[in-house]
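Subject: Structure for you to look at

Hello,

I am passing on the structure we spoke about, and below it you will find some notes on its charged side chains. Please keep it open while you read, so that you can find each residue as it comes up.

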Amino acid sequence: MRLLFALAAIAIATPALAVQPVSIPGLYNTGVDNAGVATTGSASDLHWVRALGIAYTGGTNGQFPIGPWLAETTTSRWVTPGPDAGADFDPNVNGIYTYITTFSLNGFNAASAAFTGRFAADNFVSSITLNGVTINGSGGNFTDWTAFSSTSGSFLSGVNTLVFTVENGAQLSGNPTGLRVEFLSSSVNPLAGAVPEPAMWLMMIAGFGLVGVSARRRSSAAAA
């Protein structure tokens with residue numbers, strides 16, 4: 001009877017080996033370190049770049065343009081084309097700035113991936129693409145958040161490229177422009193055969209232990 005209970009415990013644990021969704025690795029808000037905490041000072045962003053140069057984190061709360069730009073927090077910061085957010089216009093790009101971040105889904109089921117987020121921009125975001133495919137969200141301004149998202153269909157099993165195109169207009173040098181991005185949620189399923197959760201391992205170990213105890217007792221009874 002105990003053997004049956006042990007086998008039942010293992011059977012219960014086995015379905016738990018089915019993969020559970022996790023957060024997409026490598027998705028970072030603008031202006032944060034590898035732990036996801038906002039950086040300080042002026043430096044190149046650790047996870048975002050510009051197509052034609054560096055994405056800088058150089059804004060300071062209380063100093064133009066932050067505000068009237070949305071105030072920075074410990075969750076994210078603004079990125080700009082230059083180290084001084086108040087005088088960062090790059091005349092070489094005609095007012096169009098392309099900000100890029102990448103992340104890898106190696107070891108994950110790309111078809112199951114999805115994320116939601118929000119952005120603010122000066123002046124506005126003309127497009128958001130994931131691996132060259134336009135995703136939900138565009139427009140916006142620098143005083144409010146605008147939502148964006150992507151569900152299955154645009155993700156790749158390898159390296160993924162997310163691009164925000166910000167338009168500032170062909171303004172005079174010194175006109176501020178910037179981008180702020182925050183990811184609110186993300187999920188993806190590991191590929192089948194991934195390592196089970198610790199709780200599932202405990203259930204399986206307990207089940208195998210019961211099988212071993214039962215077998216030893218049967219062997220002892222037979223010897224007696």
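How many salt bridges does a search of the whole structure find? The search finds three, and please bear in mind throughout that this is a predicted model.

One of them joins Glu72 to Arg77, with 3.1 Å between the closest N and O atoms. Glu72 is buried, at a relative accessible area of 13%, and Arg77 is buried as well, its value being 3%.

Another salt bridge pairs Arg118 with Glu182, and here the closest N and O atoms are 3.0 Å apart. Because Arg118 belongs to strand 4 (residues 108-122) and Glu182 to strand 9 (residues 178-190), this pair ties together parts that are 64 residues apart in sequence. When you look at the two side chains, you should find that Arg118 is partly exposed, with a relative accessible area of 28%, whereas Glu182 is buried, with a value of 4%.

Glu182 also forms a salt bridge with Arg180, for which the closest N and O atoms lie 3.9 Å apart; this counts as a salt bridge because the cut-off is within 4 Å. Both of these residues, Glu182 and Arg180, are buried.

Which residues, then, are linked in a network of salt bridges? They are Arg118, Arg180 and Glu182, and in this network Glu182 is the residue that pairs with Arg118 and also with Arg180.

Best wishes

Note on methods:
Residues are numbered from 1 along each chain as its sequence is written. This is a predicted model: local features need pLDDT of at least 70, side-chain atom pairs count only at pLDDT 80 or more; totals for chains, interfaces and linings use all residues. Side-chain values use heavy atoms; hydrogens and water are left out. A salt bridge is a side-chain nitrogen of Lys or Arg within 4 Å of a carboxyl oxygen of Asp or Glu. Buried means under 20% relative accessible area, exposed over 50%, partly exposed in between (1.4 Å probe, protein chains only). Helices (H or I, at least four residues) and strands (E, at least two) are DSSP runs, numbered from the N terminus.
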